[in-house]
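Visitor: Please take a close look at the aromatic rings in this structure, and at what sits around them.

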Amino acid sequence: MADFVITAQSQEKAGNLIVNSLINAGVRNVLLIDSAGNVLTNCGHEEAMNIDIDAVSLAALAAASLAATSQIAQLIGEDDFSLLFHKGKNGNIHFGRIGQELILITIFGDDVSLGLIRCRVAELSDSLAEIFEG
Amino acid sequence: MALIDLSKKEVHCKIVFYGPGRCGKTTNLLYIHKAMDEKDRGKMLTIDTKGDRTLFFDLLPLNLGKISGFDIRIQLYTVPGQVMYEATRQLVLKGVDGLVFVADPLKVRQERNIESLEDLRRNLAKHNLDMDKMPLVLQYNKRDLCDTPVPTLTVEELEHDLNSTLKTASYEAIATTGVGVFDTLKEISKRTVRYVAEKHLLVKM
Ligand SMILES: Nc1nc2c(ncn2[C@@H]2O[C@H](COP(=O)(O)OP(=O)(O)O)[C@@H](O)[C@H]2O)c(=O)[nH]1
Ligand SMILES: [Mg+2]
């Protein structure tokens with residue numbers, strides 16, 4: 001597992017992609033993290049940013065939870081699960097794998113459909129992987 | 001796996017405290033959390049503890065100041081030591097940059113220390129990491145127990161069991177009162193940051 005080096009350009013490119021495709025579609029927050037639990041990019045609506053999500057804890061837990069989920073998949077003879085999603089009363093969270101080592105965390109309300117999120121995350125996946133891993 | 005953010009001039013490293021169950025890994029983090037200034041540390045996250053046993057991991061993010069213009073951010077993790085949580089230990093080791101192995105001085109735990117160090121070597125190898133090449137320091141914790149009637153291991157015995165091939169720095173500690181805790185942390189942070197920086201030729205330190 002190689003170290004990630006982030007530059008101002010990669011940061012800006014990724015931020016623009018995420019804002020255009022997800023934040024502008026009504027998503028509250030998007031975090032791009034690596035599988036060791038580091039935060040690479042953190043985007044969100046201004047109101048949503050005020051809730052002040054603890055990004056460090058969220059990233060560590062998400063990375064661990066996804067690693068655990070993969071192991072659960074293997075225990076029942078699957079490679080991995082394709083849908084990683086939790087539904088809450090007011091907020092929902094979706095996890096998407098990006099390339100080999102990255103995870104895109106999307107936090108959104110009931111005004112945005114899960115289908116749209118899945119579709120947009122899939123579209124973003126290659127371009128984001130390209131920016132950081134390519 | 002370190003993260004180097006050239007735009008914010010930050011280096012993020014992951015240091016994992018490893019060792020048999022109940023040797024004092026969580027206690028180390030709790031002491032560091034208590035002793036450090038609030039502006040230099042994040043929230044301590046302790047997950048899923050049943051009784052006082054770590055089932056998943058603990059996390060403490062620290063800000064260690066600047067080295068050569070880079071802000072050094074360290075994330076301290078612990079693993080659950082109990083043998084049955086093998087899977088969790090493996091996922092916490094993902095992307096590790098530096099290691100502290102905490103040993104228990106109780107004579108009855110002598111074998112458990114040795115097994116845990118071997119378990120660490122095996123789990124690192126699964127991530128294609130070579131324990132002999134990684135920043136690693138040893139901590140001989142609970143030295144206060146040596147003044148009690150409980151049979152304990154001497155530092156010489158611990159060195160023989162755990163450090164005869166590694167030949168790395170080792171520290172005596174009493175994590176409950178903080179003795180040796182910051183000596184351990186300083187040394188492993190220094191080695192880890194140097195290891196990451198040299199790998200990326202950020203600076204010669
Ligand atoms: N006497 C003594 N007890 C300690 C010391 N460090 C930790 N402990 C105790 O050992 C027990 C296990 O510690 P903990 O940090 O939870 O172990 P972990 O399983 O490695 O995380 C707790 O009851 C601690 O208070 C020490 O230096 N001296
Ligand atoms: Mg613990």
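Guide: The rings are taken pair by pair below, followed by the charges that lie over rings. This is a predicted model, in which local features need pLDDT of at least 70, side-chain atom pairs count only at pLDDT 80 or more, and totals for chains, interfaces and linings use all residues. Residues are numbered from 1 along each chain as its sequence is written, chains are lettered from A and ligands numbered from 1 in the order in which they are written, and side-chain values use heavy atoms, with hydrogens and water left out.

Over all chains there are 3 aromatic pairs (Phe, Tyr or six-membered Trp rings with centres within 6.5 Å; stacked under 30 degrees between planes, edge-to-face over 60, tilted for the rest). One of them joins A:Phe85 and A:Phe108, stacked at 6.1 Å centre to centre with 20° between the planes. A:Phe85 belongs to strand 4 (residues 84-87) of chain A and A:Phe108 to strand 6 (residues 102-108) of chain A, so the pair ties together parts 23 residues apart in sequence (strands are DSSP E runs of at least two residues, numbered from the N terminus). A:Phe85 is partly exposed at 24% relative accessible area, whereas A:Phe108 is buried at 1% (buried is under 20%, exposed over 50%, partly exposed in between, with a 1.4 Å probe and protein chains only).

B:Phe57 and B:Tyr77 make a tilted pair, 5.3 Å centre to centre and 55° between the planes. B:Phe57 sits in the loop between strand 3 (45-46) and strand 4 (58-67) of chain B, and B:Tyr77 in strand 5 (residues 70-78) of chain B, 20 residues apart. B:Phe57 is buried at 0%, and B:Tyr77 is buried at 2%.

B:Lys14 lies over the face of B:Tyr77, 4.5 Å from the ring centre (Lys NZ or Arg CZ within 6 Å of the centre and within 35 degrees of the ring normal). B:Lys9 lies over the face of B:Phe70, at 4.6 Å from the ring centre.

Note on methods: Helix = DSSP H or I, 4+ residues; strand = E, 2+ residues; numbered from the N terminus.
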